[in-house]
Structures are given as C-alpha cells and as structure tokens.
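Got the viewer up and a selection box ready? Here's a tour, one stop at a time.

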Amino acid sequence: MTTAKVFHIPALLALIATAGALDAQKVTVLATGLKNPTKMIRTPAGSLLVTETDTTPNSGRLTLVTTGGLARPLITGLPSGLAAPNGDADGPSGIVLAGRVLFLEIGEGDGFSNGPKPGQLVPNPKGISSPIFASILKFTLSADVEQVMGTFTLTAQTQSDLGFGKAVSLSDGAGATAVCEIVTQFRPGIPDPNTIWRNSHPYAMTFLPASPSSVVLTPNPPGLTPTPGADLVPQTAGTLYAADAGMNLVWQVDAVTGKTKALTQFASTPDPVPGPPFIEPVPDSIQVYNGQLLVTLLSGAPFVGGQSRVILVDPVTGAQSLFIALLSSAIDVGYMPQLLGRPVFYVLQFSNSLATGGPGQLLRYDSTVPKVYVDNLKAPSSMVMDPATGAVYIAERGGGDILVVTP
C-alpha cells in the first residue's frame with residue numbers, strides 16, 4: 001500500500017492513543033507479548049491461530065493461542081520484510097483452516113521502496129527478502145493443529161524451492177509432518193501512471209468449500225505419515241477469496257488448482273475535502289456471511305471520517321452492494337447469530353479518527369444505529385466470534401495482546 005492512497009496498516013501505531021482503561025467487567029487479556037498480530041481465526045476446538053511479524057526479515061510466524069492463553073509458535077520463518085513507505089513489518093496475514101489443510105496468505109513484505117515523490121513506489125533496489133511475497137501457501141498437516149507440539153520452520157532454501165514451484169516436506173521435531181506448497185502467487189506490482197508502481201498487498205482471506213461431490217482423493221503427499229491401510233487422503237476443494245489492499249480488489253482462487261482471477265474491484269470515491277482528487281477504498285478484511293462475502297474498506301488518505309464502509313459481494317458474480325456505511329476505519333467485520341431475528345453485527349475500527357490518530361473501537365449493531373461496545377483499543381487488527389458464549393476475541397497490533405470481550 002502506498003501513502004498516496006492509504007497508510008500501511010502499522011504506520012500510525014505511534015499515533016494511536018493508549019490512554020483510558022477498558023471496562024474490566026467486559027474485557028480481559030487472554031494472551032500478551034505477540035509481535036504485530038495481523039489476522040486471527042478460531043479453530044473448531046476453540047484455540048486461536050494468529051499471524052505475527054517481527055521487524056527482522058523473514059520473521060513471520062503463525063502462533064496458536066490456547067483457550068487458557070498459552071501462545072506457542074506453529075510455523076516460523078515465514079516471508080516478511082519492512083514495507084514502504086514507513087518501514088513497517090509486513091508478512092503473513094490471512095488464515096484459512098480446512099480440516100488439516102492450512103492456507104496462509106503472505107503480504108507484500110519489502111518488495112517495494114519509496115519513489116522519488118511521496119506516494120510513489122519502485123521495486124526495491126536492494127533486493128527483496130523473500131521470493132514468495134504476495135502469495136498463498138498451503139500446509140497439509142499430518143495432525144490437527146492442536147496436536148502439533150513442535151514448530152515447522154521455513155528456511156531460505158525452503159522459500160527458494162517454493163518459489164520454483166516445488167513442494168517441500170517439513171517436520172516439527174516432535175513427530176508431526178507437513179507438506180508446504182504455493183497455491184498461487186499474485187503479480188507483485190503493475191505500472192501505475194500516478195504511483196509509478198501499484199503493489200499487490202494480500203491482507204485478508206476467507207474460504208467457501210465446494211460441494212461434497214467436488215472433493216477429490218489424491219495419493220498421500222511425500223512427507224506425510226500414511227494412515228495404516230489407506231493410501232488416499234482428502235484434498236480440500238473450494239474457493240479462496242483474498243482481499244488485496246494494494247490492488248483494491250478481491251481475488252478468487254481455486255484452492256486445488258490455484259487458478260486465480262479478479263472477482264471484483266472497488267472504485268475510488270471523490271475526495272470531499274482538499275487533497276487527493278480521489279480516496280482509494282483499501283479492502284482489508286473479508287468474511288463469509290450467508291453465502292456472501294462481507295468486505296471492509298478502510299479508505300485511504302486523507303482519511304476523511306465516514307468514508308470507510310462494509311460492502312456485500314456476491315462470490316459468483318462479484319456484484320457489490322453497500323452493507324454498512326459512515327465508518328471511520330473499518331478493519332474487520334463479524335456477526336453473532338440470534339435465535340430469533342437478524343444477527344448482531346460488529347465492526348472493528350482501527351482508529352476512531354485516522355487523521356488525528358485516535359484509538360480503535362469495537363462497534364456493535366443491535367439495530368441500524370451502532371454503539372461503541374469497546375473503546376480505547378490499541379490499533380486492533382482482527383477479531384473472531386464465539387457464537388456459543390457470545391465472546392469476541394480481538395487482536396491488538398499496537399499492544400501485542402489478544403483480548404476477550406464477554407457479554
């Protein structure tokens with residue numbers, strides 16, 4: 001992402017206000033000490049999977065946080081780098097878990113540097129830290145994620161092999177194995193008359209499974225421990241949908257073949273205040289709702305309040321319709337089903353005012369009029385719901401915490 005159209009997600013962390021205590025009756029800390037947590041999902045067993053990125057090259061990792069708050073790394077050495085324009089840590093982002101198949105989205109990393117003018121990008125003249133930025137990786141595990149006791153690690157050689165289209169076998173050192181391969185790699189950038197280059201920045205991902213009849217069986221991949229008496233394992237079939245915050249679109253990716261196409265692109269909107277003539281949309285999260293896709297649009301510079309919104313997207317045709325409007329900086333959306341009536345929707349806002357660096361908020365929609373459910377969040381980046389308890393889990397990029405908001 002470039003400053004001409006948006007801030008890079010961590011770029012305003014130094015501006016985010018942290019004063020003001022959260023309501024102790026509603027909010028507790030489940031885990032702390034995470035490094036720039038970006039996206040998070042909940043496993044069927046109730047654990048959390050969180051993508052993190054430290055400030056050194058290829059320090060990305062996937063961390064499992066148990067229901068008791070214990071955080072342990074599952075995968076380390078994931079591609080990462082310091083991204084333009086402000087040198088912010090960028091690496092693994094969106095996560096999808098389908099049985100024992102894990103998909104990880106990799107961001108732009110340090111693929112680009114600042115151009116001659118503010119808001120411009122050029123390919124990094126110093127070289128990039130990984131050959132597999134802007135991609136989706138697939139890990140086929142030999143055990144459920146909660147049963148993986150060790151850590152899988154990607155090395156420079158591993159990343160090089162993946163970049164050449166090879167599948168690599170990994171061991172966690174504690175008995176579990178995995179096969180890693182690239183599902184797809186997006187074009188890292190395209191020429192742009194205003195910004196020199198427009199980068200691809202995959203930042204969020206979700207999944208819609210195929211019908212059961214579409215699931216195919218394939219031989220056990222090398223490196224997996226075969227099940228006695230069986231030489232076939234199910235291959236996950238379905239479609240991945242990736243929100244690209246640089247290209248301002250949603251990619252549609254066949255999870256088996258890797259065939260990729262742009263499903264829909266979001267248009268810029270006129271700037272109502274002096275500044276750039278247009279405000280770019282910047283999709284930064286994508287969730288499944290009632291067979292459709294909910295996509296949050298953060299909105300870019302000059303960060304005018306009310307320009308952020310949530311869009312409903314048809315996963316087949318790409319048709320768009322406005323779902324929630326007049327937001328300040330939506331970075332995630334979710335909902336709680338109700339026994340009767342419409343679900344209760346939640347919108348996570350990175351800041352209540354990007355222009356001034358205000359704190360983040362969790363908005364709750366019991367009706368069409370939202371209320372601030374949790375205030376004074378430190379650069380929140382992702383949330384997940386527990387429909388059984390009504391709890392909302394929030395990852396704070398600014399504080400490195402995982403919070404639990406209880407009803």
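Start by selecting Ile-324, which sits in strand S29, residues 320–327. Keep in mind as you click around that this is a predicted model. Is Ile-324 buried or exposed? Its relative accessibility is 8%, and since the cut-off for buried is under 20%, Ile-324 counts as buried.

Now show what surrounds that side chain. Skipping the neighbours within four places in sequence, Ile-324 is in contact with Arg-309, Val-310, Val-347 and Tyr-365. Pick Val-347 from that set and draw a C-alpha to C-alpha distance: Ile-324 and Val-347 are 9.1 Å apart in space, with their positions 23 residues apart in sequence.

**Next stop: strand S12**

Select residues 135–141, which make up strand S12. How many of its residues are buried? The count is 7 of 7, so to speak a strand that is mostly covered. Colour the two faces separately and you'll find Ser-135, Leu-137, Phe-139 and Leu-141 on one side, with Ile-136, Lys-138 and Thr-140 on the other; every one of these is buried.

Then add the strands that S12 pairs with. Strand S9, residues 101–106, runs antiparallel to S12, with 6 bridges between them. Strand S15, residues 177–185, is also antiparallel to S12, joined by 7 bridges. Ser-135 is a handy residue to centre on here: Ser-135 is the bridge partner of Ile-106, and in S15 Ser-135 has Gln-185 as its partner.

**On to an open sheet**

Hide those and bring up S2, S3, S4, S5 and S13. In that order they form an open sheet of 5 strands, with mixed pairing. Which strands are at the edges? They are S2 and S13 (152–153), each of which pairs on one side only.

Zoom in on S4, residues 60–65, and S5, residues 71–78: the two run antiparallel and share 5 bridges. Two pairs to label are Gly-60 with Leu-78 and Leu-64 with Arg-72. Follow the chain through the hairpin, where 5 residues lie between the strands, and stop at Gly-69, whose phi is positive, near 95 degrees.

Stay on S5 and turn on a surface. S5 is mostly covered, with 6 of its 8 residues buried. The pairing of S5 with S13 is parallel, over 2 bridges; to see one of the pairs, select Thr-76 and its partner Thr-153 in S13.

**Last stop: the largest pocket**

Finish by running your pocket finder, or just select the lining by hand. The largest pocket has a volume of about 850 Å³. What lies nearest its centre? Look for Met-40, Ile-41, Arg-42, Gln-287 and Val-384, out of 34 lining residues. Several strands give two or more residues to that lining, among them S2 (40–42), S8 (92–98), S18 (202–209) and S26 (283–289). Also on that list are S30 (330–336) and S34 (380–386). You've met S2 already, as an edge strand of the open sheet.

Now colour the lining by class. You should get 21 nonpolar, 8 polar and 5 charged residues.

Notes: Residues numbered from 1 in each chain as written. Predicted model: local features only at pLDDT ≥ 70, side-chain atom pairs only at ≥ 80, totals over all residues. Heavy atoms only, no water. 1 Å grid on protein atoms, 1.4 Å probe; cavity = no way out; pocket = protein on both sides within 12 Å on 5 of 7 lines; lining within 4 Å. Points joined across faces, edges and corners; volume = space filled by probe spheres on them. Helix = DSSP H or I, 4+ residues; strand = E, 2+ residues; numbered from the N terminus. Nonpolar A, V, L, I, M, F, W, Y, C, P; charged D, E, K, R; others polar. Pairing = 2+ DSSP bridges. Buried < 20%, exposed > 50% of the residue type's maximum accessible area, 1.4 Å probe, protein only. Contact = heavy atoms within 4.5 Å.
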